[in-house]
Amino acid sequence: MSICVHGLGYIGLATASLFANAGTDVTGFDVDEGVIDRLNEGDPNVSEPELESYIQDALESNLTPSHRPQPADVHIICVPTPYDELNDGADLTYVKDAGRTVANVLRSGDTVVLESTVPPGTTTGILAPILSQGDLEIGEDVHLGYTPETVMPGNTLTELRTNDRIVGGVDEDSVSAIKSLYEPLTSGEIHVAADPTTAEFVKLAQNAERNVSIAYANTLALLAENYGIDVRSAISLANNHPRVDILSPGPGVGGHCLPVDPHFLSDGSGATELLDIASQVNSRMPEHVVRMLEDAIDSLEDKTVAVLGITYKGNVSDTRNSPGLEIAKLLGTVTVDTRPAMDGGWDEGSVTIHDPRATDSRLQLVPLDVAVDGADAVIFGAAHDEFAALDPEDIRSKMAGRTVVDPVDVIDTAQWTEQGFDVRTL
Ligand code: SAJ
């Protein structure tokens, strides 16, 4: 059997490596020539060490990066589906392009699998017609189905090998073909959905549920603050109930999944009201964090703040839709591209940002010592292990002020308070 994986982002690359390391010949294709060149030089450019060496193993065995898509028994599409702000939905350009690319090399008997996160109906309504533009009939000549990836960034390899999978095919033969493809590679169960549209819906339902649950935790945090209650201990107590499992509040919801995917469920009917409110609650959290700082420092004028952690969550390198970055912007610093600072009443340059894991070269990051040197306050934007290990005495000796805002619950509040810090938490 041969496989061609279309789209070599970290999911496509991890998936291609999974098959290659199991002994299958895999061609990895990406429209970005730089990605292929880097891979041919043996550089996967991923930030999870275990995953990186797993990909290296694949590159040294059965994974061949290629500038051109190759005919193969199985085509797996793992291309991005960015948020199309104008139409409040998914930008399916890459999926359509990948479909055309596959159609050019498609043969009778082949299987096509879509893994990208897409609005319900994409596989049958958009991909199938593109694939059947030649003589081939979908279902009859070509197997087609949808199976979403569900890995948690930061734990990609383990989850790729152990998570359950949902498979939806255009017919029974397609389901069997796709099931038998993934079954040997995951210790999780394979669940069959009624059709690809159901499988697409399920993926979105999972991420939308998490987004709503986080919004609920954030709502509790706002209420608890008004009642003078420590929300995390309240949530921990509430979770002793056998049917309650409240998530953690935080400075907002970032990444390329939770803030985006609920919009893909939008069908124009207005039924997404709850999802929309949840997104609003979460997107207002960075402003709340800035307010927490304002409460702690009498006046923001002439103060310098160090934002530590601008990836979208702890221990990852991805900065997309990052709450920490949003906080830095609200405080009035231009941190990425030439996007203007939002008006937070602060002078440009009054905010420094440091992140030991972020890899986006467009960001104006500074080393920790520089960030905290003379700072009046520190805000933690992501719960990296490096921050949990900070020595408060050392930080105190460098800062001018004693204010710390920790909405991500990364530091030991008692320890920092003992060192004279005024620690504000969610
Ligand atoms: N967050 C909170 N409170 C929490 C949990 C998370 O504020 O209790 C925040 C994080 O700090 C981060 C954001 O939410 O800013 C998203 O982080 P996450 O860890 O919840 O999820 P992602 O985006 O890294 O990965 C999600 C996962 N989906 C679900 O758990 C349902 C993952 O399994 C998916 O594969 C991934 O989306 C995806 O690619 O769709």
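**Exercise 1. Follow the chain from β7 to β8 and state which unit the two strands make with the helix α5.**

Solution. Strand β7, helix α5 (residues 122–131) and strand β8 make a right-handed β-α-β unit, where right-handed means that, with the strands pointing away from the viewer, the path from the first strand over the helix to the second runs clockwise. Helices (H or I, at least four residues) and strands (E, at least two) are DSSP runs, numbered from the N terminus. The model is a predicted one, in which local features need pLDDT of at least 70 and side-chain atom pairs count only at pLDDT 80 or more, while totals for chains, interfaces and linings use all residues. Residues are numbered from 1 along each chain as its sequence is written, and side-chain values use heavy atoms, with hydrogens and water left out.

**Exercise 2. Describe the surroundings of strand β8, beginning with its side chains and then turning to its partner strands.**

Solution. Start with the directions: H143 and G145 point one way from β8 (residues 143–146), whereas L144 and Y146 point the other way, and all are buried, that is, under 20% relative accessible area, with exposed meaning over 50% and partly exposed in between (1.4 Å probe, protein chains only).

Next, look for partners, remembering that two strands pair if DSSP finds at least two bridges between them. Strand β7 (residues 111–114) pairs with β8 in the parallel sense over 4 bridges, and V112 stands opposite L144 in β8. Strand β9 (residues 165–169) pairs with β8 in the antiparallel sense over 2 bridges; in β9, G169 is the bridge partner of G145, and G168 is the bridge partner of Y146.

**Exercise 3. Place β8 in its sheet and explain why β3 and β10 each have one side without a neighbour.**

Solution. The sheet is open and is formed by 8 strands in the order β3-β2-β1-β4-β7-β8-β9-β10, with mixed pairing. Because β3 (63–66) and β10 (190–192) stand at the edges, each with a single partner strand, one side of each is left without a neighbour in the sheet. From one strand to the next the twist averages 25 degrees, where axes are lines fitted to C-alpha atoms (for helices over the stretch in contact) and angles run from 0 to 180 degrees between N-to-C directions.

**Exercise 4. Work out the order of the strands in the sheet that contains β11, and describe how β11 sits in that sheet.**

Solution. Here 5 strands form an open sheet in the order β12-β11-β13-β14-β15, and the pairing is parallel. The edge strands are β12 and β15 (422–425), each of which pairs on one side only, and the twist averages 20 degrees from one strand to the next.

Now take β11 (residues 305–308) itself, whose two faces are both covered: V305 and V307 on one side, and A306 and L308 on the other, are all buried. On the β12 side, the two strands pair in the parallel sense over 4 bridges, and V307 stands opposite I353. Strand β13 (residues 377–380) also runs parallel to β11 and is joined to it by 4 bridges, with A306 opposite V378. Further along the sheet, 4 bridges join β14 (residues 403–406) to β15 in a parallel arrangement, and D406 stands opposite T425.

**Exercise 5. Is D360 buried or exposed, and what does its side chain contact?**

Solution. First locate D360, which is in the loop between β12 (351–354) and α13 (368–372). Its relative accessible area is 18%, so D360 is buried. The side chain of D360 makes a polar contact with the side chain of R362 (2.7 Å); such a contact is a pair of N or O atoms within 3.5 Å, where within protein one must be able to donate a hydrogen and the other to accept it, and residues adjacent in sequence count only if both atoms are side-chain atoms.

**Exercise 6. Find the loops that hold N45 and N321, and give the phi of each residue.**

Solution. Most residues other than glycine have a negative phi. N45, in the loop between α2 (33–40) and α3 (49–60), has a positive phi near 60 degrees. N321, in the loop between β11 and α12 (323–330), has a positive phi of about 50 degrees although it is not a glycine; with a relative accessible area of 45%, N321 is partly exposed.
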